[in-house]
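Please read the following report alongside the sequence and the model. It deals with charged side-chain pairs and then with one helix.

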Amino acid sequence: LPDAALAAPAQWWTLLDSPRLDSTIRAALAANRTLEAARTTLAEAQSNSAAAESGRYPHVDLDAGAGRQKYGAAFLGPEHLPPFTYYSIGPAVSYAFDFAGGVRRTIEQQRALTEYQQHELDAAALSVSGNVAMQALAAAAARAQIENLDALLEDDRRNLALVQDSFAAGAATRVDLLNAQSQLANDQTLLPPLRRDLSIAMHALALLAGRTPAEWSAPDFRLDEFTPPARLPLTLPSELAHRRPDILAAEARVHAATAAVGVASANLYPQISLTATASLQSNTLHALFDASAAAGGVAGSLTQPLFNHGALRARQQAAVDAMHAALADYEQVVLNSFAQVADALEALDHDQELLAGEQSAVAIASESLALTRESFSAGNSGVLQVLEAQRQNQQARIGLVHAQSQRLQDTVRLLLALGGRAPTG
């Protein structure tokens with residue numbers, strides 16, 4: 001999507017301060033097939049709007065015709081006119097007076113539909129950019145958890161090796177050996193799902209960029225390259241949520257539906273039109289362009305519906321019902337937007353608590369590991385205690401990765417719920 005198609009505030013992902021995310025989102029906006037379909041639909045709506053605008057002005061057509069005519073004796077009476085061939089050519093100008101406002105409301109409806117498609121394009125762009133960011137965070141989180149799990153598995157293997165040596169020396173029981181083997185086996189089962197999650201996220205990024213996973217690979221995103229906004233408020237003014245493209249699209253649909261009621265109402269009233277013609281007419285082709293062949297005429301018409309089995313009234317009522325449905329949809333979209341913002345704010349509040357708890361757990365586990373190592377150096381504890389402290393430290397770090405990832409994802413959800421606008425205040 002060209003930069004000009006997105007307002008600067010809508011480039012919300014720059015708040016995360018990740019150059020690689022910025023380049024990936026821009027690549028997706030330029031090549032995503034869903035956005036291409038939305039752009040084409042917008043172009044269609046713009047063409048329909050331009051076509052509706054032409055109803056304001058007179059229409060000029062060039063008419064040309066040729067035929068052979070024969071009149072019956074009963075039509076001409078005593079006069080007798082033999083069959084003849086005729087030719088004609090000339091412009092015809094027609095103009096429909098917008099007496100009931102039908103043309104004006106049709107133009108208004110098409111403009112509203114064009115506005116609706118523009119907001120739909122904005123919503124599609126916001127959705128694509130949001131999906132890219134979420135998949136990038138999912139890939140970064142999976143990669144960080146894999147790295148921490150690899151370190152944890154290494155501790156498990158060293159633990160198992162020491163237990164095996166102790167068992168061989170008769171200092172450990174078979175239960176101790178089975179426990180160590182079970183711990184390693186259980187932790188190994190955590191690795192394949194994380195690798196699967198990483199692959200799924202990378203493939204999703206390729207799809208969002210309009211490429212296949214075989215021909216394009218996303219950057220190796222890492223959690224530490226994302227920086228959430230330094231300040232996120234606990235409450236936000238409703239005007240921010242009102243900027244969401246889905247709300248604006250719903251408003252445009254209500255506008256179009258209201259205009260459609262006007263069009264249906266205008267069809268109940270007389271339709272007045274005026275037509276003027278200037279032509280050259282001759283019964284021989286070689287004399288068609290002689291001055292004596294000039295002819296012309298002016299005609300006006302008025303059409304008033306009288307009886308159509310209630311079709312026009314029914315169409316008017318259908319337009320009114322459609323307007324009420326569009327209004328109800330708009331209200332639901334607004335309610336959903338406020339709920340999403342509230343959910344995101346609540347989630348961020350809990351994320352902050354979780355992050356603080358996990359940071360405390362890492363600090364305690366790190367301190368415990370340091371003290372255990374000092375105790376081991378002084379001969380007051382064994383190697384297994386050191387390895388267990390190392391294992392608990394790694395588990396705490398895995399929990400911290402999860403908390404950091406969750407906070408970043410909920411930050412993205414809040415920015416998307418606000419329509420891609422940076423929260424302030």
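## A pair in helix α10

In this predicted model, D410 is buried, with a relative accessible area of 5%. The side chain of D410 meets that of R413 in a salt bridge, with 2.8 Å from N to O, although R413 itself, at a relative accessible area of 38%, is partly exposed. D410 and R413 are three residues apart in helix α10, so about one helical turn separates them. An α-helix has 3.6 residues a turn, so residues three or four places apart point the same way.

## A similar spacing in helix α2

Helix α2, which covers residues 33-53, holds both E36 and R39, again three residues apart and about one turn of the helix from each other. Their side chains also meet in a salt bridge, here with an N to O distance of 2.9 Å. E36 has a relative accessibility of 39% and therefore counts as partly exposed, since the partly exposed class lies between the 20% and 50% cut-offs.

## A link between distant parts of the chain

Which residue forms a salt bridge with D156? The partner is R391, and the closest N and O atoms of the two are 2.9 Å apart. This pair links distant parts of the chain, because D156 belongs to helix α4 (residues 102-168) and R391 to helix α10 (residues 383-417), 235 residues apart. D156 is buried, at a relative accessible area of 2%, and R391 is buried as well, at 6%.

## Salt bridges in the whole structure

Side chains of opposite charge can pair when their charged atoms come close. A search of the whole structure finds 17 salt bridges, and the pairs D410 with R413, E36 with R39 and D156 with R391 are among them.

## Helix α5 and its buried face

Helix α5 runs over residues 174-188, and its 15 residues, at 1.5 Å a residue, should span 21 Å. The C-alpha atoms at its ends are 21 Å apart, which agrees with that expected span. The buried residues of α5 are L177, A180, L184 and D187. Seen down the axis of α5, these buried residues fall within an arc of 105°, so they line one face of the helix.

Terms used. Residues numbered from 1 in each chain as written. Predicted model: local features only at pLDDT ≥ 70, side-chain atom pairs only at ≥ 80, totals over all residues. Heavy atoms only, no water. Salt bridge = Lys/Arg side-chain N within 4 Å of Asp/Glu carboxyl O. Helix = DSSP H or I, 4+ residues; strand = E, 2+ residues; numbered from the N terminus. Buried < 20%, exposed > 50% of the residue type's maximum accessible area, 1.4 Å probe, protein only. Expected span 1.5 Å × (residues − 1). Arc of directions from axis to C-beta.
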